[in-house]
Amino acid sequence: MCGVDGKPYPANATQAGTAARRMETRMSMAPGTGTGTWTGAESPALHVADRHELIRVQGARENNLKDVSIEIPKRRLTVFTGVSGSGKSSLVFGTIAAESQRMINETYSAFVQGFMPTLARPEVDVLEGLTTAIIVDQRRMGGDARSTVGTVTDAGVLLRILFSRLGRPHIGPPGAYSFNVPSVRASGAITVERGAAKAVKKTFTRTGGMCPRCEGRGAVTDFDLTQLYDDSRSINEGALIVPGYSVDGWYGRIFGGCGFFDPDKPIRRFTKRELHDLLYKEPTKIKVDNVNLTYEGLIPKIQKSFLAKDVDALQPHVRAFVERAVIFTTCPDCGGSRLSEAARSSKINGISIADACAMQISDLAGWVRELAEPSVAPLLAALHHTLDSFVEIGLGYLALDRPSGTLSGGEAQRVTMIRHLGSSLTDVTYVFDEPTIGLHPHDIARMNDLLLRLRDKGNTVLVVEHKPETIAIADHVVDLGPGAGTAGGTVCFEGTVAGLRASGTLTGRHLDYRAALKETVRTPTGRLAIRGATANNLRDVDVDIPLGVLVVVTGVAGSGKSSLVHGSLPALFGSAGAGGGAGSTRGGDGEAVVGAVVGALVSIDQTAIRGSRRSNPATYTGLLDPIRKAFAKANGVKPALFSANSEGACPTCNGAGVIYTDLAMMAGVATTCEQCEGKRFEASVLDHHLGGRDISEVLAMSVTEAAEFFGAGEARTPAAHAALGRLADVGLGYLGLGQPLTTLSGGERQRLKLATHLAAKGGVYVLDEPTAGLHLADVEHLLGLLDRLVDAGRSVIVVEHHQAVMAHADWIIDLGPGAGHDGGRIVFEGTPADLVAARSTRTGEHLAAYVGA
């Protein structure tokens, strides 16, 4: 635990404080106030069962935690804060929530546990007072193309039941209105063994709501065959250019040995039959090299492996292939509604289920409210409550047919919250991961109210958060730090919000920090002229985006920010060329016009970094390549030796550094590899040195240490030094080069992605909420980085809600005034000072309050 100056308290002081808190204590608080005081008076009248008022954690060592011991009051709102990478998620999610879930899983039978994910016990000495934990994190929803907002909540189910009861004409049960249920018809003879067995003719029919043409996806696909294969080559010459289908791989073996065509004949010389078998053949059993396999045509194989998932959830190289090889068009039969003609023909008061799902949820709630049918009154009440929850949580601008994969992390988290708002459960622990991400300051107050309501129902609410507006409502605050990575992992402060302000910790000092408006703003060097933008809810928007300055696009959630920036700019740069010059190019109807473009577009969105335990900052950023080449050149050997995923891997652990022992339904055990001692490399590889260090010692360095190592002397490697400089620029100097990506926090992953894109030779950078997961102190560092980008001649466009970024901007574009069909318009363009002076929009009002104007 740290003192006021960020230095650790003496061990005896920490122990004394912990012992004092172990008294039978109670938290006294006026209902709904959000503040509380500890009283140490013992209460002899308490029932023994009422004395478990605390969640006690002793000796937590998960990831970078340093023997952390804290006590968290139950049925209160506790906020965990600290710089990104300080250990907040390791304590809340990796220790408290993980152990709660593990203990619940152990209550199931061994048979059931065999089908559940196995969870290891966290590295902690004592965990007492735990309750059932419900985790509401930032994971994006849906990897399936058929997953929508309606399917991931109860709203879709309730709506289908409603139409099956009241829809006219009546077409069948709820499944008849589901785009995930195909219609099935079958007939034949069955044998009934009752007395004398006899054959009986039976007919089976099931009515589903799936559109038969698009199979419930709402879009049909067409393939550009030139992107699937090179017809001048044969299969054995590598004609297939689909990712993962190399001639040396598993699929190359299947296509080369299937026998349906000559693998040595160029594809352009195939007969119609051979080409059909290559592209469309139904699954067929074959034998290749005495191995039984299933052959399937190339196109159905691609449809099952790539197109069954949400395109945005695919790996980058696979997504790039799909975007150039597959043409998606709205299904002409269902018009994109995914539903069959019969499902679309059944209506209630002139509205079909397709119309209802396409409505903005706030409008749908109004339509349901007008239905007065006593026979389905409980159903209408449940549906009305669910839809009102969407509106209450700030998601009324969504539609039930919105693909769940297109929701941002913040939207997905709030959709998950909906099922808990009306829950009758009490005395459970709700764990939230930055619930204010993606929220405009106008919406944060509404989120705070929902958190307090969950608490006031008698639940323990644990929130990992950076926003001062949410920290302010906490009953109890735990501040971790003082730094990040190895410099963090200790508790710097525990207590009330007032105590945090006076504590002198990094968070306490920045809690009341307010960025000031710029006295002078930069002068634009050009402009991007967008004309007639109509993507999603945009209403024929015309706007000029200045170049050569820092531009912030803001507005309430759902106002059309991402539709304007991500929906218009990539198409413009694609049509004008990555390095297009001045001039204007008119697109089609509703397209935008580009006025002046300099350089390429670099877009950094919020998609999650994917990587296994073998992935680390060195591999993700490409830093390992110049390091391996430098080692190889210095020692006269192959670069592949210096990769733990290739030839240099320890043969015992295959380069993992640990040996995993599977214990079936129990948590597996990971032990350090005895042969390589966790270094991951073969012993002979570690005999090769560069600048007196072997490869394992280099990967154990921090970014700062490695930058010094590769910056001068025998180990001088300019390419590695430049990459390390970019990591330091985004505030990741403390990260270990070989630290697994799975141990990085959300804010660290966001900045790691930003550092990777800084190497791109872009003229226009588009950043989507770069402050997500960043501590108040880290936001200052980010603003400095954005300034350096602009000063280097780049144009920076930021989609952001954080007032500090708005105040620092040269130009603000504010969309609104509301969300969904109440938004989609430009409500302000100008400097931050003009926005504050006008106070004509919600953003202007909140920014004025922020800067104290």
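These are my notebook entries on what I looked up in this structure.

**Entry 1: the whole thing**

I'm working with a predicted model, not an experimental one. I started with the big counts: the protein comes to 29 helices and 29 strands. It has 853 residues, and 51% of them count as buried. Then I looked at contacts between residues at least 6 apart in sequence, and 66% of those join residues at least 24 apart.

**Entry 2: a six-stranded sheet**

Next I went for a sheet. In what order do the six strands of this open sheet lie? I read off β7-β16-β17-β5-β18-β19, and the pairing is mixed. At the edges sit β7 (133-136) and β19 (490-495), each of which pairs on one side only. Going from one strand to the next, the twist averages 15°.

I reminded myself of the basics here: strands in a sheet pair through backbone hydrogen bonds, and they can do that parallel or antiparallel.

**Entry 3: helices on the sheet**

Helix α2 (residues 88-105) packs on this sheet. I noted that α2 touches β5, β7, β16 (429-433), β17 (460-464) and β18. The direction of α2 makes about 135° with that of β7.

I also looked up helix α15 (residues 441-456), which lies across β5, β16 and β17. Its direction runs at about 150° to β17.

**Entry 4: zooming in on β5**

I wanted to know β5 better, so I checked its neighbours. On one hand, β5 (residues 77-81) is joined by four bridges to β18 (residues 476-481), and the two run parallel. On the other, β5 pairs with β17 over four bridges, again in the parallel sense.

Which residues does Phe80 stand opposite? In β18 I found Val478, and in β17 I found Val464. I did one more: the bridge partner of Thr81 in β18 is Asp479.

Is β5 mostly covered or mostly open? It is mostly covered, with five of its five residues buried. A handy rule to keep in mind is that side chains in a regular strand alternate between the two faces of the sheet. For β5, I listed Leu77, Val79 and Thr81 on one side, and Thr78 and Phe80 on the other. Every one of those is buried, and both faces of the strand are covered.

**Entry 5: β3, another buried strand**

I moved on to β3 (residues 54-60). Seven of its seven residues are buried, so β3 is largely enclosed by the rest of the structure.

How many bridges join β3 to β4? I counted five, and β4 (residues 68-73) runs antiparallel to β3. Strand β6 (residues 126-128) is also antiparallel to β3, joined to it by three bridges.

Arg56 caught my eye. It stands opposite Glu71 in β4, and in β6 its bridge partner is Glu128.

**Entry 6: two helices side by side**

At what angle do α7 and α8 pack? The angle between α7 (residues 272-280) and α8 (residues 298-307) is about 10°, and their axes are 4 Å apart. Angles under 35 degrees count as roughly parallel, and α7 and α8 are therefore roughly parallel to each other.

I wrote down who makes the contact: Leu278, Leu279 and Tyr280 from α7, plus Leu298, Ile299 and Pro300 from α8. Sorted by class, that gives six nonpolar residues, no polar ones and no charged ones.

**Entry 7: cysteines**

How many disulfides does the structure hold? Zero, it turns out. I took Cys653 as a case: its nearest cysteine sulfur belongs to Cys676 and is 3.7 Å away. A disulfide needs the two sulfurs within 2.5 Å, so Cys653 is in none.

Is Cys653 buried or exposed? It is buried, with a relative accessible area of 6%. I looked up Cys492 as well, and that one is buried too, at 5%.

**Entry 8: Thr831**

Last stop was a loop residue. Where does Thr831 sit? I found Thr831 in the loop between β29 (825-830) and α28 (832-838). Its relative accessible area is 17%, and buried means under 20%, so Thr831 counts as buried.

What does Thr831 touch, leaving out residues up to four places away in sequence? I noted Val521, Asp810 and Trp811.

Notes
Residues are numbered from 1 along each chain as its sequence is written. This is a predicted model: local features need pLDDT of at least 70, side-chain atom pairs count only at pLDDT 80 or more; totals for chains, interfaces and linings use all residues. Side-chain values use heavy atoms; hydrogens and water are left out. Two strands pair if DSSP finds at least two bridges between them. Axes are lines fitted to C-alpha atoms, for helices over the stretch in contact, and angles run from 0 to 180 degrees between N-to-C directions. Contact means heavy atoms within 4.5 Å. Angles under 35 degrees count as roughly parallel, over 145 as roughly antiparallel, 65 to 115 as roughly perpendicular and the rest as oblique. Ala, Val, Leu, Ile, Met, Phe, Trp, Tyr, Cys and Pro count as nonpolar, Asp, Glu, Lys and Arg as charged, and the others, Gly among them, as polar. Buried means under 20% relative accessible area, exposed over 50%, partly exposed in between (1.4 Å probe, protein chains only).
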